[in-house]
Amino acid sequence: MVNPNEDTEFNDALRAQGILPPKPPSRSPSPDIPHITHDDAVRAIAATADADQLVTLLEGDNLDSDDERMFEEYKRKRLGEMKKEEKKGRFGSLEPLAREDFVKEVTEGSKISPDGELPQGEDDDMDEDDEANIDKGGLKGTGVVVFLFKDSVPLSQHLRPLLHQLAPAHPSTKFLSIPAGLCIPNYPDKNVPTLLIYRNGDMVGNVIAGMGLKGMKTTVRDLEGLLLYYKAIEKPSATLLRQQQRDDDSDLDDDFDDKVGGVNARSTTIRSGGSGLGTGRGQAESDGDSDSDFDL
């Protein structure tokens with residue numbers, strides 16, 4: 001009896017005559033690879049390039065008119081985006097605040113639109129770009145962070161350099177500082193430092209004595225996360241994220257160097273004494289404290 005599955009010359013002859021069905025393929029055929037056109041490739045390059053890269057591409061000798069037109073279009077788009085970001089980045093440093101300027105710089109200043117031109121109060125005052133920004137989840141007004149400090153309070157000294165780092169990383173947010181007693185006479189030391197956070201004319205955050213932070217162990221990323229929560233800033237800073245990744249890599253390298261070629265103290269019976277750094281003042285008591293303290 002003929003076995004139709006056998007790979008023999010006789011079966012091949014039967015298949016050639018149509019008596020036996022064709023042999024099944026030995027493996028599944030490869031899926032069709034979509035064809036990528038030249039225009040698709042050029043568009044993909046242009047869409048991911050920044051303005052400087054597009055300028056370099058336009059200086060090439062082998063561009064045809066269509067490629068040049070596409071690169072020019074994306075270059076104009078990138079330059080427009082850069083100008084818009086420059087208009088939003090009006091600040092960039094931790095600046096001193098005078099008590100008499102509080103309403104102007106903080107309450108009223110937080111109502112100004114991100115481009116520094118139009119107040120965003122009533123809908124009639126908003127142009128199409130403002131409305132589109134809000135429709136996309138953007139925030140109204142300008143974020144303002146007021147740092148009430150006292151130099152004799154250690155946590156004040158710890159948070160100040162962190163705010164100096166955050167200010168240039170978030171130039172569309174206004175960072176201001178003022179001595180607590182100058183801003184609010186007889187302001188209790190137990191509440192220092194305090195962060196007052198405003199946006200669009202309202203106080204949206206009141207962080208007393210480092211509440212929600214990690215005391216003297218607070219990092220710049222911890223403080224950034226708190227300001228994100230209160231919408232003082234719109235998104236994390238890529239610069240700070242890269243810096244943290246570099247610091248983490250450096251810590252890993254240091255830890256590896258400590259273990260290789262030396263004595264790992266954790267693997268011995270020796271234990272060092274003493275206590276570590278404190279974690280800060282924690283949450284201040286709220287007796288007698290209210291938002292009315294900040295109605296200047």
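## A walk through the strands

The protein's secondary structure comes to 10 helices and five strands; helices (H or I, at least four residues) and strands (E, at least two) are DSSP runs, numbered from the N terminus. Before you start clicking, note that this is a predicted model, in which local features need pLDDT of at least 70 and side-chain atom pairs count only at pLDDT 80 or more, while totals for chains, interfaces and linings use all residues. Residues are numbered from 1 along each chain as its sequence is written, and side-chain values use heavy atoms, with hydrogens and water left out.

**Whole protein.** Show the surface to begin. The protein exposes about 19400 Å², with 51% of that supplied by carbon and sulfur atoms (accessible areas come from the Shrake-Rupley method with a 1.4 Å probe; for residues, only the protein chains shown count as cover). Of its 296 residues, 30% count as buried; buried means under 20% relative accessible area, exposed over 50%, and partly exposed in between (1.4 Å probe, protein chains only).

**Stop 1: strand β2.** Select residues 143–149. Seven of the seven residues here are buried, so β2 is largely enclosed by the rest of the structure. Colour the two faces separately: Gly143, Val145, Phe147 and Phe149 lie on one side, and Val144, Val146 and Leu148 on the other.

**Stop 2: the partners of β2.** Two strands pair if DSSP finds at least two bridges between them. Add residues 174–179, which are β3: six bridges join this strand to β2, and the two run parallel. Look for valine 146 standing opposite leucine 176 in β3. To follow the chain from β2 to β3, trace helix α7 (residues 154–169); this β-α-β crossover is right-handed, meaning that, with the strands pointing away from the viewer, the path from the first strand over the helix to the second runs clockwise.

Now add β4, residues 194–199, which is joined to β2 by six bridges and runs antiparallel to it. Two pairs to pick out are leucine 148 with threonine 194 and valine 145 with isoleucine 197.

**Stop 3: β4 and its hairpin.** Is β4 buried or exposed? Six of its six residues are buried, so β4 is largely enclosed by the rest of the structure. Thr194, Leu196 and Tyr198 point one way, while Leu195, Ile197 and Arg199 point the other way. Next, bring in β5 (202–208). Six bridges join β4 to β5, again antiparallel, and tyrosine 198 has methionine 203 as its bridge partner. The two strands form a hairpin with two residues between them, and asparagine 200 in the turn has a positive phi of about 55 degrees.

**Stop 4: glycine 210.** Move on to the loop between β5 and α9, where glycine 210 sits. At 9% relative accessibility, glycine 210 counts as buried. Glycine 210 touches Leu155 and Pro193, not counting residues up to four places away in sequence (contact means heavy atoms within 4.5 Å).

**Stop 5: the cores.** A nonpolar core is a set of buried Ala, Val, Leu, Ile, Met, Phe, Trp, Tyr and Cys residues joined through side-chain atoms within 4.5 Å. Select Phe102, Val106, Val146, Leu148, Phe175 and Leu227: these have the most contacts inside the largest nonpolar core, which has 40 residues. Elements that each supply at least two residues of this core include α5 (102–108), β2, α7 and α9 (220–229). Finally, select Ala46, Ala49, Phe71 and Tyr74, which are among the eight residues of another core lying apart from the largest one.
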